[in-house]
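Work through the exercises below with the coordinates open. Each task is followed by a solution in steps.

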Amino acid sequence: MSDLQQRLTDSEAKWQQATAQELVEHIYLRFHQRHREQLPELKQLAMKVEDVHGDHELAPHGLAEHLDAMLQELESHMMKEEQILFPMLSRGVYPSGPISVMEEEHVQHEMELAKINELTNNLTLPEGACGTWTALYNGLKELQDDLHEHIHLENNVLFVEKQAIAPEHGKDFCCGSCQ
């Protein structure tokens, strides 16, 4: 079992018995807040590496732009969770439509992580890489691990209905059509 797989297994086991509210708070503080710090920092490092080492054959061309796009997509995703889905889940309401949308977006996020590996030759540093390049790839590895764990917890623990409560339109949620 890889280190990441073990981390995911341990994290899932730890949070399996938590309430939805406890897990929502953990995801918000541990992952949402952290991703909002990580991505802008990584984008700045990527810009610096691309500017300084752009002529190097292993330079991660397009990485800063990719990280910026990821930040925009992830921010939109997290806002939908924070404003719509998390409040519902915290009340014990598990709306299949919004959950399905978030799971589809998680697939897209996984593809974005794969693109990082493509742009960085699987985070392989060139011989004699500078401190900035090293910090960038270390930070990208941390982002990947964090985002994998974040997605895993949501898909496999938070989004799994713990008790059957049928959501009542207008009382528990609004699909937006009545506005």
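Helices (H or I, at least four residues) and strands (E, at least two) are DSSP runs, numbered from the N terminus. The model is predicted, so local features need pLDDT of at least 70 and side-chain atom pairs count only at pLDDT 80 or more, while totals for chains, interfaces and linings use all residues. Residues are numbered from 1 along each chain as its sequence is written, and side-chain values use heavy atoms, with hydrogens and water left out.

**Exercise 1. Backbone angles in a loop**

Task: Locate N122 and state the sign of its phi. Then treat N121 in the same way.

Solution:
- Step 1. N122 sits in the loop between α4 and α5.
- Step 2. Its phi is positive, near 55°, and the residue is not a glycine.
- Step 3. N121 belongs to the loop between α4 and α5, and has a positive phi of about 55°.
- Step 4. For reference, most residues other than glycine have a negative phi.
- Step 5. Accessibility is classed as buried under 20% relative accessible area, exposed over 50% and partly exposed in between (1.4 Å probe, protein chains only). N122 is exposed at 56%, and N121 is partly exposed at 43%.

**Exercise 2. The nonpolar cores**

Task: Find how many residues the largest nonpolar core has, and which helices each supply at least two of them.

Solution:
- Step 1. A nonpolar core is a set of buried Ala, Val, Leu, Ile, Met, Phe, Trp, Tyr and Cys residues joined through side-chain atoms within 4.5 Å.
- Step 2. The largest has 23 residues, and those with the most contacts inside it are L39, L63, L67, M70, I116, L136 and L140.
- Step 3. At least two residues come from each of α2 (20-53), α3 (63-90), α4 (96-119) and α5 (131-158).
- Step 4. Another core lies apart from this one; it has 17 residues, including L23, V24, I27 and F86.
- Step 5. Contact means heavy atoms within 4.5 Å. Leaving aside neighbours within four places in sequence, L39 is in contact with L67, M70, L71, L74 and L143.

**Exercise 3. Two helix pairs**

Task: Describe how α2 packs with α5, and α3 with α4.

Solution:
- Step 1. Axes are lines fitted to C-alpha atoms, for helices over the stretch in contact, and angles run from 0 to 180 degrees between N-to-C directions.
- Step 2. The axes of α2 and α5 come within 9 Å and cross at roughly 155°.
- Step 3. Angles under 35 degrees count as roughly parallel, over 145 as roughly antiparallel, 65 to 115 as roughly perpendicular and the rest as oblique; α2 and α5 are therefore roughly antiparallel.
- Step 4. For α3 and α4, the axes come within 11 Å and cross at roughly 160°, which makes this pair roughly antiparallel.
- Step 5. Residues of α3 that meet α4 include L63, L67, M70 and L74, and among their partners in α4 are I99, M102, L113 and I116.

**Exercise 4. Two buried residues**

Task: Are Q144 and A20 buried or exposed? List what they touch beyond four places in sequence.

Solution:
- Step 1. Q144, in helix α5, is buried at 7% relative accessibility.
- Step 2. Q144 touches L113, I116, N117 and L123, with residues up to four places away not counted.
- Step 3. A20, in helix α2, is buried with a relative accessible area of 9%.
- Step 4. On the same counting, A20 touches L89, S90, Y94 and L158.
- Step 5. A20 and L158 are 138 residues apart along the chain, yet their C-alpha atoms are separated by 6.2 Å.
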